[in-house]
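Reader: Hey, got a minute to walk me through this one? Let's put it on screen before we start.

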Amino acid sequence: MFMHITVTEAIVLRHVDYGEADRIVTFLTAAGDVWKGFARHARSSRKRFGASLEPYSRVRVHWRPGRGDLASLQQVELLALRDGLRRELLSLTLAGYGCELAMEIVGEGGHQPGMFAWLDAFLDHLAAGGDPASARLLLELHFLQLAGYIPHLLHCSECFGRLGDPVAFSAARGGSLCDACASGRGEVTVGLATLGSLSRCLRGRPEQIGEIRLGATTLQETRPLLETALDSVLHRPLKSKKILEELLRNDRERT
Amino acid sequence: MLDSIPSFTRLVAELAKFPGVGRKTAARLAYFVLRQPEADADALAEAIREVKKNIRFCSVCFHLTEDDPCPLCTDPGRDERVICVVEQPQDLLAIERTHSFRGRYHVLHGALSPLDGIGPEQIRVAELLARLKSGQVEELLVATNFSVEGDATALYLAGLVKPLGVRITRLAHGIPTGSDLEFVDDATVFRAVEGRREL
């Protein structure tokens, strides 16, 4: 039976070796789907897939339905290898974190339009040697927004009232809390100006990722806020986050 | 059907645990063992037992060995000043086959892989650092794979080793010997152009 070949642009999120010479590859497609493909002889024959299955690459995948849930990969064209990522350990680790975050938020077989553009811009930015801290924050913020989990920022998440300064923030209670609603339990404190910066960041487009550079205070105050918001969305701790945090801690100690 | 022959079923199940061996191949191998003379089957079983009993990791380089330290670490003809770092014992063997390297080795038994949660503590980095601090080593040749994991490991080692004043080098990569440029993948050509050298 003839089976039609479909062509899809995608980012390689990860691959795992299978058997003697094959690979199972996880992609995020331009349409925002996370799916897996089976690349027969991917490890034994460099002619067939070359470096096109390397994680974090942007590729054009030619595939047809395979047996079970896996697509059968016929050909994969390399569009962007993002070799620049391999010059900095932090960029490489952060790229892995971004891909794992996308995998977790979308979920296998899930669909999340808009995520491809952000991850693609994030990886391009890191490969070009761009500022990693602001890019990480933007990616996390927009992933939360796209998944529908963005917390209330500039008004109280419970009474929709005006906020004081500083603001109590609780991901579990939906975001920022006014003085009357704040309980002091399980909350982090953040400046109103920082929340304003985050709100403006949410209006940014993926292609602007390299133009937005956030100050040290915004980055510092936002970290615990985003951590709690992401923790409430993710089903498990990210493996790459542990390594990333260790790397950042070592960097801080060195400087 | 095979359930009626428990010893055969058990052999198939054990063989199917090997990497790349499915149940069909395992059954084929089991039939082969069955057809062999008893002495050959005994020799196979004995070889497996011997491997498990005698082979251990060298306490210096962590290559597989029957004697500790291994012959590569005790060979006086090898250069103490250069250590080649590889991910797995089979990578060491690939370099040894070429007879192009006469220094010492260090096997990491893995590579950094953030997506799998494999950090420096899960591989033999601390032991490598201890060897470097002995002061004899002048150069560290990083021969990890040219994958995301291998490159991440190389970058991590560079960050650790440079402050010690040890020269750190990476295997060159590019067009395979004997191949035509038009058939080589784009990424390899790209890196070969980037890594070009004077003639």
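**Domains and strands**

Author: Sure. This is a predicted model, and chain A is divided into domain 1 (6-82) and domain 2 (84-254).

Reader: How many residues does each domain put into the contact?

Author: Domain 1 of chain A gives 19 residues and domain 2 of chain A gives 24 residues. The area buried between the two is about 1800 Å², with 63% of that from carbon and sulfur atoms.

Reader: Which residues in domain 1 of chain A lose the most area?

Author: Val34(A), Tyr56(A) and Arg82(A), together 39% of what that side buries.

Reader: And how many salt bridges between the domains?

Author: Six salt bridges are counted between domain 1 of chain A and domain 2 of chain A. Elsewhere on the polar side, 11 residue pairs are in polar contact across that interface. As for strands, β1, β2 and β3 of chain A each supply at least two residues of the domain 1 side, and β1(A) gives the largest share, six residues.

Reader: Switching to β2(A): is it buried or exposed?

Author: Mostly covered: eight of its eight residues (22-29) are buried. That goes for both faces, with Ile24(A) and Leu28(A) among the buried residues on one side and Val25(A) and Phe27(A) among those on the other.

Reader: What does β2(A) pair with?

Author: β1(A) runs antiparallel to β2(A) over eight bridges, with Val12(A) partnered to Phe27(A). β3(A) is also antiparallel to β2(A), over six bridges, and there Val25(A) partners Gly37(A).

Reader: Which residue has a positive phi in the β2(A)-β3(A) turn?

Author: Gly32(A), at about 95°, in a hairpin with four residues between the strands.

How values were computed: Residues are numbered from 1 along each chain as its sequence is written. Chains are lettered from A and ligands numbered from 1 in the order in which they are written. This is a predicted model: local features need pLDDT of at least 70, side-chain atom pairs count only at pLDDT 80 or more; totals for chains, interfaces and linings use all residues. Side-chain values use heavy atoms; hydrogens and water are left out. Buried means under 20% relative accessible area, exposed over 50%, partly exposed in between (1.4 Å probe, protein chains only). Two strands pair if DSSP finds at least two bridges between them. Domain bounds come from an automatic or database domain assignment. Contact means heavy atoms within 4.5 Å. Buried area is the accessible area (1.4 Å probe) that two parts lose on being put together, summed over both. A salt bridge is a side-chain nitrogen of Lys or Arg within 4 Å of a carboxyl oxygen of Asp or Glu. A polar contact is a pair of N or O atoms within 3.5 Å; within protein, one must be able to donate a hydrogen and the other to accept it, and residues adjacent in sequence count only if both atoms are side-chain atoms.
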